[in-house]
Amino acid sequence: MKEYAESLAEWFRDHADPAKAAPMEAYMRGKFPFLGIKTPERNRLTKEFWSQHGIPEGDELLDVVKRLWSLPEREFQNVAMAFLGKHGKRAGKEDIETFEELVVTKSWWDTVDYLASHTMGDHLAKYPELIPRYTERWVASENLWLRRTAILYQLRYKERTDAGRLFRYIDKCKEENEFFIRKAIGWALREYSKTDESAVRAFVDKTPLSPLGVREALKFVSR
């Protein structure tokens, strides 16, 4: 898949716009270089490339994802996530190792939030037997992005949410000063409040959360 990934990279670099790259890099606090291709254009280019070259499957698709992830410009990690979306239901149990590697590589909220709530969330729903082994390790990890993933992987579960596990993981992380953890706590509780408002209200009432966590958690809860 090396030639496939190289062709895709060349295709995107042919459409780079340095004038747009600068503000995009500034928005991401200068953590990554950009080609200057905004989301609508990036999506269009990705679909055009797929229509001309097809979409690999299985291990070949994951190989492309890894190659794109290794490229410096941030657009390529975003394109890689589009490939992961196509992988979806075809993912094998062992693919979680690759997903975990992506979480801790070139980590920032824009990749981790998708990987946590979509890629990991869907994968763990498909293979729930993996949940104890991986999420317990993530929530205890020194890597904040793995801890954020442990809190957010159930974000789209609604009535399938394991509330006990969600509340326990939040309780483990509630004293952290890290913004991205506090924000994740509030976000996860806010989403679950749409399913079980009383449970979230009760948890917030008895748990000393940061002001940010409380504000986010109760955003949609009846006052």
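## Glu216 and its partner

Glu216 counts as buried, at 11% relative accessibility. The cut-off for buried is under 20%, so Glu216 falls within it. Glu216 sits in helix H13, residues 211-217. The model is predicted.

The side chain of Glu216 makes a polar contact with the side chain of Arg190, at 2.3 Å. Arg190 is also one of the residues that Glu216 touches once residues up to four places away in sequence are set aside. The others are Lys183, Gly186 and Trp187.

## Arg147

Arg147 belongs to helix H9, residues 144-152. Its relative accessibility is 11%, so Arg147 counts as buried. A polar atom of the Arg147 side chain lies 3.0 Å from the backbone oxygen of Ser141.

Ser141 appears again in the contact list of Arg147, which leaves aside neighbours within four places in sequence. That list also holds Trp138, Val139, Glu142, Glu176 and Ile181.

## Aromatic pairs

How many aromatic pairs does a search of the whole structure find? The search returns 13. In one pair, the ring centres of Tyr4 and Phe83 are 6.1 Å apart. Their planes stand at 80°, so the pair is edge-to-face; the cut-off for that class is over 60 degrees. The pair links distant parts of the chain. Tyr4 is in helix H1 (residues 2-13) and Phe83 is in helix H5 (residues 74-87), 79 residues apart. Both residues are buried.

Phe167 and Tyr192 form another edge-to-face pair. Here the distance is 6.2 Å centre to centre, with 70° between the planes. This pair also links distant parts of the chain, 25 residues apart. Phe167 lies in helix H10 (residues 163-173), and Tyr192 in helix H11 (residues 179-193). Phe167 has a relative accessible area of 16%, so it is buried. Tyr192 is at 10% and counts as buried too.

## The cluster around Phe49

Tyr4 and Phe83 also belong to one aromatic cluster with Phe49 and Trp50. Phe49 lies in helix H3. Is Phe49 buried or exposed? Its relative accessible area is 2%, so Phe49 is buried.

Leaving aside neighbours within four places in sequence, Phe49 is in contact with Tyr4, Ser7, Leu8, Trp11 and Gly54. Phe12 is 37 residues from Phe49 in sequence. In space, the two are 9.5 Å apart, C-alpha to C-alpha.

## Ser51 in H3

Ser51 is placed in helix H3, residues 39-53. At 60% relative accessibility, Ser51 counts as exposed. The cut-off for exposed is over 50%. The Ser51 side chain reaches the backbone oxygen of Glu48 at 2.6 Å.

## Arginines over rings

Arg74 lies over the face of Phe32. The distance to the ring centre is 3.7 Å. Arg160 lies over the face of Tyr157, at 4.6 Å from the ring centre.

## H5 against H7

Two packed helices are described by the angle between their axes and the distance between the axes. What are these values for H5 and helix H7 (residues 109-126)? The axes come within 11 Å and cross at roughly 5°. That makes H5 roughly parallel to H7, because angles under 35 degrees fall in that class.

On the H5 side, the contact is made by Arg74, Gln77, Asn78, Met81, Leu84 and Gly85. H7 contributes Asp110, Thr111, Tyr114, Leu115 and Thr119. Arg74 of this contact is also the residue over the face of Phe32.

## Positive phi in two loops

Arg29 is not a glycine, yet it has a positive phi of about 60°. Arg29 is found in the loop between helix H2 (18-27) and H3. Its relative accessible area is 65%, so Arg29 is exposed.

Lys158 is not a glycine either, and its phi is positive, at about 55°. The loop holding Lys158 runs between H9 and H10. At 54% relative accessibility, Lys158 counts as exposed.

Methods: Residues numbered from 1 in each chain as written. Heavy atoms only, no water. Phe/Tyr/Trp six-rings, centres within 6.5 Å; stacked < 30°, edge-to-face > 60°. Helix = DSSP H or I, 4+ residues; strand = E, 2+ residues; numbered from the N terminus. Buried < 20%, exposed > 50% of the residue type's maximum accessible area, 1.4 Å probe, protein only. Lys NZ or Arg CZ within 6 Å of the ring centre and 35° of its normal. Polar contact = N/O pair within 3.5 Å; in protein donor to acceptor, adjacent residues only side chain to side chain. Axes fitted to C-alpha atoms, helices over the stretch in contact; angles between N-to-C directions. Parallel < 35°, antiparallel > 145°, perpendicular 65-115°, else oblique. Contact = heavy atoms within 4.5 Å.
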